[in-house]
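These are my notebook entries on a few buried positions and two helix packings. I set down each item as I looked it up.

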Amino acid sequence: MSNTWKKTALLFLSSQTLSLFGTMLVQYAILWYITLEAKSGVMLSLLIVIGVLPMLFLSPFAGVWADRYDRKKLIILSDSLVALTTLGLAIAFALGYEAYWLFFLASFLRAIGQGIQMPAVAAFVPQFVPKEHLMRVNGLLGSIQAATMLVAPMAAGALMSIAPLQTIFYIDVVTAALAVLVMTVFVRVPPHARASNPAAEKTATFHDLKLGFRYVRHHTYLTRFFLFSALFMFLVAPVAFLTPLQVARSFGEDVWRLTAIEVLFSIGMMLGGGLLSIWGGFRNRVYTMMLATVIVGSFTIALGLVPWFWVYLVLMGVVGISMPLFNTPATVLLQEHVEEAYMGRVFSVMTMISSSAMPAGMLMFGPLGDVIAIEWLLIGTGAGIVLLGVALKRSRVLIDAGWPESTVSETSDPTPESTTD
């Protein structure tokens, strides 16, 4: 793989681009259809919950599967499940069935596919990308995700205005089919060691799940890393979700203003991912995360103080740039230091945190936003994020683990795969 990893990475990123674009296109189309037709906050909340819960509850098992089976095949399987679900929805619409429950069922099944895919993708990348290039490849993947977040809503809006809704569904089927074709035919990566071991498939799933949680629990680095990540995502919830409401209340309810903050944030994320793909971040991954944490916290405070909308947009763009500077090194840290046999299960824990911490933050800060000014919430959570960055600097365990050559070694069970219940 050492001579062909760049070609493999390019093909894999192309496959992910196709898959992600179709997925986001349908996601926005369903969201807007429910918004315009049902005009119900309860229906929207139900749609969002249905799209999150399967990933939250499935991710631990998806991590076990990613450590047990060929991760490439799992990615292909998940893309196929999403494509078949969308195809069924398109056929139902073409036949005149447009009940809301079809959208909820489709969102549930698509969330299952995404729940399987997320740990598999994160664990698959280190199989063909050298460690010294993980930051750049993950940075490019982050830029692709940000670009998709920018283009997909505009494309969905344009298509919904000129074509039937099922047209968008068919586009997703085509992009997913192309993604599967690229992964199947052109991305040639041998299965990881355990996927080639027939005895591994005989191990009980819950036994593997228990070993995965034991692995995390017995590594001080991992427990502190996940605690820090959960606190960061919890505190970021207001700047991620409440800023459109703040803009509508403080600057005006014009649609262009709401569009502008989303566009600037997405452009910022694209630039941040591109910056990492070129720069690579500090040699110590934690220093890059620390910088991002302090910037996000400081500019979140500024978003609560600035009275001029054009300055507000600039600040939002900087926050967007900073997010990949946190997320990408966090991913690379795990890819560099976690043993391959546990990669999927460790990333499943990360998926659980990312799927639950920000919604949990909204459960707290959302209602508070109707009681006190959102500006005060931004100032308070921004200060908390800055303090979190300071605390990260003082964590010797995380700082030591941030160096690329370091390894996670403190475990009471160095070979738990061979143990029995």
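Entry 1, Leu165. I listed the contacts of Leu165 beyond four places in sequence and found Ala29, Tyr33, Phe93, Phe103 and Met160. The model I am reading is a predicted one. I then placed Leu165 in helix H6, which spans residues 165–186. Its relative accessible area is 10%, so I entered Leu165 as buried, the cut-off being under 20%. For one of the contacts, Phe93, I also noted the backbone separation: the C-alpha atoms of Leu165 and Phe93 lie 8.0 Å apart, although 72 residues separate the two along the chain.

Entry 2, Gly113. I located Gly113 in helix H4, residues 100–124. I recorded Gly113 as buried because its relative accessible area is 1%. Setting aside residues up to four places away in sequence, I found that Gly113 touches Ser78, Leu81 and Val82. I also looked up the pair Gly113 and Ala62, which are 51 residues apart along the chain; their C-alpha atoms are separated by 9.9 Å.

Entry 3, Gln335. I asked whether Gln335 is buried or exposed. With a relative accessible area of 3%, Gln335 is buried. I placed this residue in helix H11, residues 309–337. I next asked which partners the side chain of Gln335 reaches by polar contact. The side chain of Gln335 comes to 3.0 Å from the backbone oxygen of Ala122, and it makes a polar contact of 2.8 Å with the side chain of Asn138. Beyond four places in sequence, I listed the contacts of Gln335 as Ala122, Val125, Pro126, Leu134, Asn138, Met343 and Phe347.

Entry 4, H8 against H11. I turned to the packing of H8 on H11, the helix that holds Gln335. The two axes come within 12 Å and cross at roughly 160°. I therefore classed H8 as roughly antiparallel to H11, since the angle is over 145 degrees. I noted the crossing as left-handed. On the H8 side the contact residues include Tyr221, Phe225, Phe232, Thr243 and Gln246; on the H11 side they include Phe309, Tyr312, Met323, Leu334 and His337. By class I recorded 16 nonpolar, three polar and no charged residues for this contact.

Entry 5, H8 against H12. I compared a further packing of H8, here residues 220–250, with H12, residues 343–368. Their axes come within 7 Å and cross at roughly 40°. I therefore entered H8 and H12 as oblique to each other, as the angle is neither under 35 degrees nor in the range 65 to 115. The crossing of H8 and H12 is right-handed. I recorded 23 nonpolar, four polar and no charged residues in the contact of H8 with H12.

Entry 6, Thr381. I closed with Thr381, which lies in helix H13, residues 374–393. Its relative accessibility is 3%, so I counted Thr381 as buried. I asked which residues Thr381 touches, not counting those up to four places away in sequence. I found Leu235, Pro238, Thr300 and Phe365. Of these, Leu235 and Pro238 have numbers that fall in the span of H8, and Phe365 has a number that falls in the span of H12.

Key:
Residues are numbered from 1 along each chain as its sequence is written. This is a predicted model: local features need pLDDT of at least 70, side-chain atom pairs count only at pLDDT 80 or more; totals for chains, interfaces and linings use all residues. Side-chain values use heavy atoms; hydrogens and water are left out. Buried means under 20% relative accessible area, exposed over 50%, partly exposed in between (1.4 Å probe, protein chains only). A polar contact is a pair of N or O atoms within 3.5 Å; within protein, one must be able to donate a hydrogen and the other to accept it, and residues adjacent in sequence count only if both atoms are side-chain atoms. Contact means heavy atoms within 4.5 Å. Axes are lines fitted to C-alpha atoms, for helices over the stretch in contact, and angles run from 0 to 180 degrees between N-to-C directions. A crossing is left-handed if the near helix is turned anticlockwise from the far one by less than a right angle, and right-handed if clockwise. Ala, Val, Leu, Ile, Met, Phe, Trp, Tyr, Cys and Pro count as nonpolar, Asp, Glu, Lys and Arg as charged, and the others, Gly among them, as polar.
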